[in-house]
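Please walk through this structure with me, one part at a time. I would like the account to begin with how the chains are placed and then move to individual residues.

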Number of protein chains: 4
Amino acid sequence: MKRKQYETAMAPMREQLVAMARWARVTGQRIVVLFEGRDTAGKGGAIRAVSEKLNPRQCHIVALAKPTEAEQTQWYFQRYVQHLPSAGEIVLFDRSWYNRAGVEKVMGYAEDPQVSRFLEQAPQFERMLVDDGILLFKYWLTTDQARQEERLRERLDDPLKRWKLSPVDLAARERYDAYTEAREAMLAATHSDWAPWTLVDFNDQKRGRLTLVRDMLDRLPNTEVPPPQIDFPPLGRQPRAERYSVLQPIANFPLG
Amino acid sequence: MKRKQYETAMAPMREQLVAMARWARVTGQRIVVLFEGRDTAGKGGAIRAVSEKLNPRQCHIVALAKPTEAEQTQWYFQRYVQHLPSAGEIVLFDRSWYNRAGVEKVMGYAEDPQVSRFLEQAPQFERMLVDDGILLFKYWLTTDQARQEERLRERLDDPLKRWKLSPVDLAARERYDAYTEAREAMLAATHSDWAPWTLVDFNDQKRGRLTLVRDMLDRLPNTEVPPPQIDFPPLGRQPRAERYSVLQPIANFPLG
Amino acid sequence: MKRKQYETAMAPMREQLVAMARWARVTGQRIVVLFEGRDTAGKGGAIRAVSEKLNPRQCHIVALAKPTEAEQTQWYFQRYVQHLPSAGEIVLFDRSWYNRAGVEKVMGYAEDPQVSRFLEQAPQFERMLVDDGILLFKYWLTTDQARQEERLRERLDDPLKRWKLSPVDLAARERYDAYTEAREAMLAATHSDWAPWTLVDFNDQKRGRLTLVRDMLDRLPNTEVPPPQIDFPPLGRQPRAERYSVLQPIANFPLG
Amino acid sequence: MKRKQYETAMAPMREQLVAMARWARVTGQRIVVLFEGRDTAGKGGAIRAVSEKLNPRQCHIVALAKPTEAEQTQWYFQRYVQHLPSAGEIVLFDRSWYNRAGVEKVMGYAEDPQVSRFLEQAPQFERMLVDDGILLFKYWLTTDQARQEERLRERLDDPLKRWKLSPVDLAARERYDAYTEAREAMLAATHSDWAPWTLVDFNDQKRGRLTLVRDMLDRLPNTEVPPPQIDFPPLGRQPRAERYSVLQPIANFPLG
C-alpha cells in the first residue's frame with residue numbers, strides 16, 4: 001500500500017482515536033489492547049498508529065522486560081496486573097501475558113504444565129477484567145514467512161533496525177511452524193465470547209494497521225463527547241519574544 | 001523548515017541515536033534526558049524524535065500524572081526517583097522535577113518555601129546522580145509568544161490537538177512573563193557545572209529538534225560499538241504461508 | 001486463658017512455625033494467610049503470634065491503607081495482587097480483599113453490584129492462586145458482641161489502644177447484625193473446596209490464637225527440613241570489646 | 001536487666017510512643033528511624049519495642065531483601081527512596097542505606113569507589129530529607145564480641161533463632177575488627193549536624209531498648225495532642241452472640 005493512500009485512509013481514524021480518548025477520559029472508561037503476533041509482524045508500528053496522537057499521560061505503552069528471578073516464581077499474571085488501567089486510561093501491551101503461550105512455550109522457557117495452566121487461567125483472568133468493565137481488545141498480527149524473511153533480512157541490513165534482530169528471532173525463524181501450532185493451541189483455548197481474538201493480516205503492514213484500527217473503532221460504542229468549550233479571547237497586547245538573562249539558546253542547527 | 005530538508009538532516013542522526021542505544025546497552029550506561037519548556041514548545045515532538053527508532057524496552061518515556069494526595073506530602077523527588085534508569089536504560093522525562101519551579105510556582109500550586117527548597121535541592125540531587133555515573137541532559141525548549149499563540153489557536157481548531165488545550169494552558173498564556181521570570185530564576189539556581197541547562201530555540205520546531213538531537217549526540221563520548229555478528233543462513237526450504245484452523249483473519253481494510 | 005498456660009501451649013508451635021518458614025524457603029513454597037474478622041476480634045494479635053519469630057525479610061505483613069482515588073477505579077484485586085508472594089515468602093494479610101464484602105458493604109462504601117461482582121470473582125481469583133501452587137489460608141475471627149463491647153470500652157480507656165477506636169468502629173457497633181449478615185453472605189459465596197474459610201472463636205483471644213496456629217500447622221504437609229549444618233569453631237582469640245574513636249554511646253538508661 | 005524492671009520502665013514509654021504516633025498523624029509529621037548495628041546486636045527487638053503498640057497502617061517496617069541485578073546498577077539510594085514516608089507515617093528501617101558502608105564494604109560486595117561515593121552522598125541525601133521536614137533518627141547498636149559470641153551460640157542452639165544464623169554471620173564473626181573500622185569510618189563521614197548518629201550500648205538488650213526509645217522520645221518536640229472525643233453511649237440492647245448459618249467455628253484448642 002502506498003504511503004499516500006495510507007495517509008488518506010488513516011487521517012479520519014486518527015480523529016476517531018482522539019475522540020475515543022476523550023470519551024474514555026470523560027466517562028471513565030478503561031481500555032486495554034493486547035498486541036501479539038509473530039516477530040517482524042509489525043506490533044510496534046501498530047501501537048504507534050494507535051498512540052501517536054494521544055496524550056502520553058493517558059495512553060500508556062507497556063513493554064515489559066523479561067521477568068526477574070523473583071517474578072518468575074510469582075503468580076504468572078502478577079507483573080501484568082499492576083499495569084492495568086485506572087479510570088480514563090488506555091493501556092497498550094506490546095506483547096502481553098500471552099508470552100507464555102508463544103515464545104515461552106516454543107523456546108522452552110516455560111514447562112508444559114505452566115503453559116497448560118496459563119491456557120486455562122487466561123480466559124478466567126480476562127473474564128474478571130471484562131466483567132469489571134474493562135474494554136479488552138486482543139489482536140494477533142499474522143504474516144507469511146516470505147514476508148518475515150524479507151523483514152529479518154532488512155533488520156540485518158538496516159542500521160536503524162539492527163537492534164530488533166536477536167538470536168531469539170533467528171531461532172524463531174526455524175520454528176515458524178512451531179509458532180503456528182502454538183498460536184492455534186492458544187486461540188483454541190483463549191478465544192472466548194467475552195474476550196475474543198482478532199487476527200489481522202500484516203503481510204502489508206500499512207494495510208494491517210488500517211484494518212486493526214478500523215476494527216477497534218468499530219467495536220466501540222458511540223464515543224461522541226463534545227470537547228469542552230474553551231474561551232480563547234484575543235491576547236490584548238503585543239506577544240512577547242523570549243528574553244534571556246542567564247543563558248542563551250545554543251546555535252540553531254545550520255540550514256543546509 | 002521544510003519536511004524534506006528536515007528528513008535529510010535527521011536521517012544520519014537517527015542512526016547515531018540507535019548507535020547510542022547500542023552503546024548504552026553494551027557498556028551499561030544510564031542516560032536521563034529532561035524535556036522542559038513552555039506549553040506548545042514541542043516537548044512531545046522532540047521526545048518522539050529521540051525515541052522513535054529505539055527499543056521501547058530500553059528507552060522509557062516518563063510522563064507523570066499530577067501527584068496524588070499522599071505523593072504531595074512526600075519528599076519532592078521521591079516519585080521521580082523510582083523512574084531513574086538501570087544499566088543500559090535511557091529515560092526521557094516529558095516534564096520532570098522542574099515542574100515545581102515552573103507551573104507549580106507560576107500557578108501557585110507550590111508555596112514559596114517549597115519552591116526555594118526545590119531550587120536549592122535540585123542541583124544537589126542532580127549532583128548525586130551525575131557522580132553516580134548517570135548521563136544527565138537538561139533541555140529547555142524556548143518559543144516566542146507569537147508562535148505560542150499560533151500553536152494554541154491550532155490546538156483549538158485541530159481536533160487532533162484539541163486535548164492538548166487545557167484551562168491551565170490558557171492561564172499560562174496570560175502569564176507568559178511570569179513563566180519567563182520563573183525560568184530565569186530556575187536557570188540561575190540550577191545551571192551547574194555538573195548538570196548544565198541547554199536552551200534550544202523551538203520557534204521552528206523541526207529545526208529545534210535537529211538542534212537538540214545534534215547537541216545531545218555531540219556531547220556523548222565515542223559510542224561506536226559494532227553490532228554483534230549474526231549468522232543468517234538461507235532458510236533452506238520454501239517459506240511457509242500462514243495457516244489457520246481456529247480463526248481466520250478479519251477482512252482487510254478495503255483499498256480505496 | 002492464663003498467660004502461663006498459653007505460653008506452654010504456644011512454645012512448641014513457635015518452633016513449628018519456624019520450621020514451616022525454613023521449609024518454605026528451602027522448597028520455594030508460597031504461603032498466604034488472610035486474617036479477617038470483626039473489629040476487636042484480635043487480628044493483630046493473631047498475626048503477631050504467627051510472625052513474631054519469623055524473618056521479616058521472608059514474612060511480610062500487608063496492611064493496606066484505604067484505596068486512593070485512582071485505585072478505587074481499578075480492577076478491585078489489583079492493589080492486592082502486587083503483594084502476593086514470590087518463592088519462599090509468607091504473606092499475612094491484615095484485612096484483605098474481603099473488605100469489599102465486609103466493611104465496604106455494611107458501611108455503604110461499595111455499591112451492591114460491586115459487592116456482587118466481588119463475591120463472584122473472589123473464588124475464581126483464589127482458584128487461580130491455588131492452582132498456581134500458592135498455599136492459601138483464610139481465617140475469620142469471631143467474637144460475641146459482649147466481648148466486643150468490653151474491648152471497645154478498653155480501647156476507649158487504655159491510652160495504648162485509643163488509636164484503634166475510630167468512628168467507623170462505633171458505627172460497626174450498631175451494625176453488629178449487619179456485619180453478621182454480610183459475613184454469612186460472604187461465607188456462602190466464597191467458602192470453596194480450593195479455598196475454604198476457617199472460623200475461629202476469638203472470644204478468648206489467647207485460646208483463639210492457639211486454635212488458629214494449630215489449625216494452620218496441621219494443614220501443612222510435612223515441613224521437616226533439617227537446618228543447614230553450620231560449622232562454629234572456637235573464636236581462637238580473646239573476644240574484643242567495642243572501641244570508639246568518633247563517637248561514644250549515649251548514657252545507658254538508669255537502673256531504677 | 002530483669003524483665004520486670006524492664007516492663008516497669010518501658011510501660012510509660014509505650015504510651016509516649018503511642019502519643020508520638022497520634023501527633024505524627026494529626027500534624028502530618030514524617031518520622032524515619034534507621035536501626036543499624038552489629039549482627040546479633042538486637043535490631044529486631046528494638047524495632048519491635050518501638051512498633052508493637054502502633055498502628056501497622058501508620059508505622060511501616062522496611063527490611064529490604066538483597067538488591068536484584070537491576071537494582072544493583074541503579075543510583076544506590078533509589079530502592080530506599082520509595083519507602084520514605086508520606087505525611088503522618090513512621091518508617092523503621094531494619095538495616096538501611098548504610099549497608100553499603102558496613103556489610104557491603106567488609107564482605108567486599110561493593111567496591112571501594114562505591115563505598116567512598118556512598119560516604120560522600122549519604123550526608124547530602126539525608127540533608128535533603130531533613131530540610132524537607134522529615135524527622136530522621138539514626139541508631140547504631142553496639143555490642144562487645146563476648147556478647148556476640150554468646151548470641152551466635154544461642155542462635156545455633158535455639159531452634160527459634162537458628163534461621164538468624166547465616167554463613168555471612170560467621171564470616172562477620174571473624175571480621176569483628178573490620179566491622180569496627182568500617183563503622184568508625186562511617187561515623188566519621190556521616191555523623192552530621194542535621195543527621196547525627198546515636199550509638200546505644202546493646203550489651204544488655206533490654207536496657208539498650210530502653211535507652212534508645214528514651215532518647216528518641218526526648219528528642220521529639222512536645223507531642224501532646226489530645227485524642228479525639230468519642231461518644232460511647234450504652235448499647236441500648238442485649239449484646240448479640242455470634243450466630244452461624246454457613247459454617248461453624250472449628251473446635252477450640254483443648255485446655256490442658
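Chain B and chain C do not touch, contact here meaning heavy atoms within 4.5 Å, and their nearest C-alpha atoms are 8 Å apart. Chain A and chain D likewise do not touch, with nearest C-alpha atoms 8 Å apart. This is a predicted model, in which local features need pLDDT of at least 70 and side-chain atom pairs count only at pLDDT 80 or more, whereas totals for chains, interfaces and linings use all residues. Residues are numbered from 1 along each chain as its sequence is written, chains are lettered from A and ligands numbered from 1 in the order in which they are written, and side-chain values use heavy atoms, with hydrogens and water left out.

Chain C and chain D do form an interface, to which chain C contributes 82 residues and chain D 82 residues. The size of an interface is often given as the accessible area lost when the parts come together. Between chain C and chain D about 7,400 Å² is buried, 60% of it on carbon and sulfur atoms; this buried area is the accessible area (1.4 Å probe) that two parts lose on being put together, summed over both. On the side of chain C, the residues that lose the most area to chain D are C:Arg57, C:Phe232 and C:Phe253, which together account for 12% of what that side buries.

The polar part of this interface includes ten salt bridges between chain C and chain D, each defined as a side-chain nitrogen of Lys or Arg within 4 Å of a carboxyl oxygen of Asp or Glu. One of them joins D:Arg38 to C:Glu242, with the closest N and O atoms 2.9 Å apart. There are also 40 residue pairs in polar contact between chain C and chain D, both residues at pLDDT 80 or more; a polar contact is a pair of N or O atoms within 3.5 Å, where within protein one must be able to donate a hydrogen and the other to accept it, and residues adjacent in sequence count only if both atoms are side-chain atoms. The elements of chain C that give two or more residues to the side touching chain D include helix 1 (3–27), strand 4 (135–142) and helix 10 (205–219), with helices (H or I, at least four residues) and strands (E, at least two) being DSSP runs numbered from the N terminus. Helix 9 of chain C gives the most to that side, with seven residues.

C:Arg14 lies in helix 1 of chain C. Its relative accessible area is 12%, so C:Arg14 counts as buried, on a scale where buried means under 20% relative accessible area, exposed over 50% and partly exposed in between (1.4 Å probe, protein chains only). Its side chain makes a polar contact with the side chain of C:Glu52 at 3.0 Å, and, not counting residues up to four places away in sequence, C:Arg14 touches C:Glu7, C:Glu52, C:Lys53 and D:Leu160.

In chain A, A:Glu36 belongs to strand 1 (residues 31–37) and is buried, with a relative accessible area of 4%. The C-alpha atoms of A:Glu36 and A:Ser96 are separated by 7.2 Å, although these residues are 60 apart along the chain. Beyond its neighbours within four places in sequence, A:Glu36 is in contact with several residues, among them A:Arg95, A:Tyr139 and A:Trp197. A:Arg95 sits in the loop between strand 3 (90–94) and helix 5 (103–106) of chain A, and its phi is near 65°, a positive value in a residue other than glycine.
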